[in-house]
Amino acid sequence: MRGTLPGLVTPYPIGRYLPAVYQEDSFAQRFTAGLDDVLASAVAVLDSLEAYVDPDLTPTDFLPWLAGWLGMEAEEDLPEELRRSRLREAVGLFAARGTLAGLRAELAMFVDAHVRVDDSGGVFYSDTARDCPPGPAEARITVTLPPWAAPRLQAVKTLVAASKPTHVTYSVEVFNDDHLP
């Protein structure tokens with residue numbers, strides 16, 4: 001929880017930046033010293049801001065904020081080191097977000113197992129008119145999970161819904177090991 005810390009000294013006391021007439025006024029100096037005490041923790045956070053966006057250095061209570069900033073679920077039920085590891089990987093996955101490869105990688109990281117993701121296709125090129133397009137007309141993604149991922153089924157559905165393109169429908173299924181490649 002962020003807040004004031006007793007005895008935290010600010011490197012930028014407000015009284016020092018007042019006009020000269022107020023720098024000699026003891027009331028103005030005492031008044032601004034009180035503000036320094038309140039603002040010291042905010043200045044400390046701003047001075048170390050890059051540490052707050054680094055998954056290895058951010059305070060534990062900031063992990064949910066960082067996950068949200070990267071478009072991930074907070075996953076507070078996981079151990080702290082695993083949460084930090086997923087945040088490190090999420091930075092690289094962000095560039096592939098919305099692609100089939102990105103969805104595969106994100107799901108594999110989320111479930112911590114191999115996940116099969118199939119799409120209906122739909123990419124087609126032709127030099128002649130009226131060629132038949134490949135695959136069904138409806139764009140669709142089918143995600144196949146291993147049986148041990150069944151407890152996270154609803155979370156996987158939420159992740160797929162957030163990561164897929166809007167016009168694409170999807171289904172999430174749980175199969176035995178022999179159905180996975």
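Let's start with I14, which touches T32, L35, D36 and L39, leaving aside residues up to four places away in sequence. Keep in mind as you look that this is a predicted model. I14 itself sits in the segment before α1, the helix that covers residues 20–23. Take the pairing with L39: the two residues are 25 positions apart in sequence, and their C-alpha atoms are 9.8 Å apart in space. Is I14 buried, exposed or something in between? Its relative accessible area comes to 27%, and buried would need a value under 20% while exposed would need one over 50%, so I14 counts as partly exposed.

Now follow those contacts into helix α2, which spans residues 26–47. Where does this helix bend? The bend is at L39, and it amounts to about 45°. L39 is also one of the residues that I14 touches. As for what is tucked away, the buried residues of α2 are A28, T32, D36, A40 and S41. Two of these names should ring a bell, since T32 and D36 are also among the contacts of I14. The cover over the buried residues of α2 includes α1. Have a look at the start of α2 too: there, a side-chain oxygen of D25 comes to within 3.0 Å of the backbone nitrogen of F27.

Next, jump along the chain to another pair of helices. Helix α5 runs over residues 80–93 and helix α6 over residues 100–111. How do the two pack? Their axes lie 11 Å apart and make an angle of about 175°. Anything over 145 degrees counts as roughly antiparallel, so that is the label for α5 and α6. On the α5 side, the residues that meet the partner helix are R86, E89, A90 and L93. On the α6 side they are G102, A105, E106, M109 and F110. Sorted by class, this contact has 5 nonpolar, 1 polar and 3 charged residues.

One residue from that contact is a good place to finish: E106, in helix α6. Is E106 buried or exposed? Its relative accessibility is 12%, and the cut-off for buried is under 20%, so E106 counts as buried. What does E106 touch, beyond residues up to four places away in sequence? The list is L93, L159 and S163. L93 brings you back to α5. With S163 there is a polar contact as well, side chain to side chain, at 3.2 Å.

Notes. Residues numbered from 1 in each chain as written. Predicted model: local features only at pLDDT ≥ 70, side-chain atom pairs only at ≥ 80, totals over all residues. Heavy atoms only, no water. Helix = DSSP H or I, 4+ residues; strand = E, 2+ residues; numbered from the N terminus. Buried < 20%, exposed > 50% of the residue type's maximum accessible area, 1.4 Å probe, protein only. Contact = heavy atoms within 4.5 Å. Axes fitted to C-alpha atoms, helices over the stretch in contact; angles between N-to-C directions. Parallel < 35°, antiparallel > 145°, perpendicular 65-115°, else oblique. Nonpolar A, V, L, I, M, F, W, Y, C, P; charged D, E, K, R; others polar. Polar contact = N/O pair within 3.5 Å; in protein donor to acceptor, adjacent residues only side chain to side chain. Bend = angle between axes of the 7 residues up to and from the residue.
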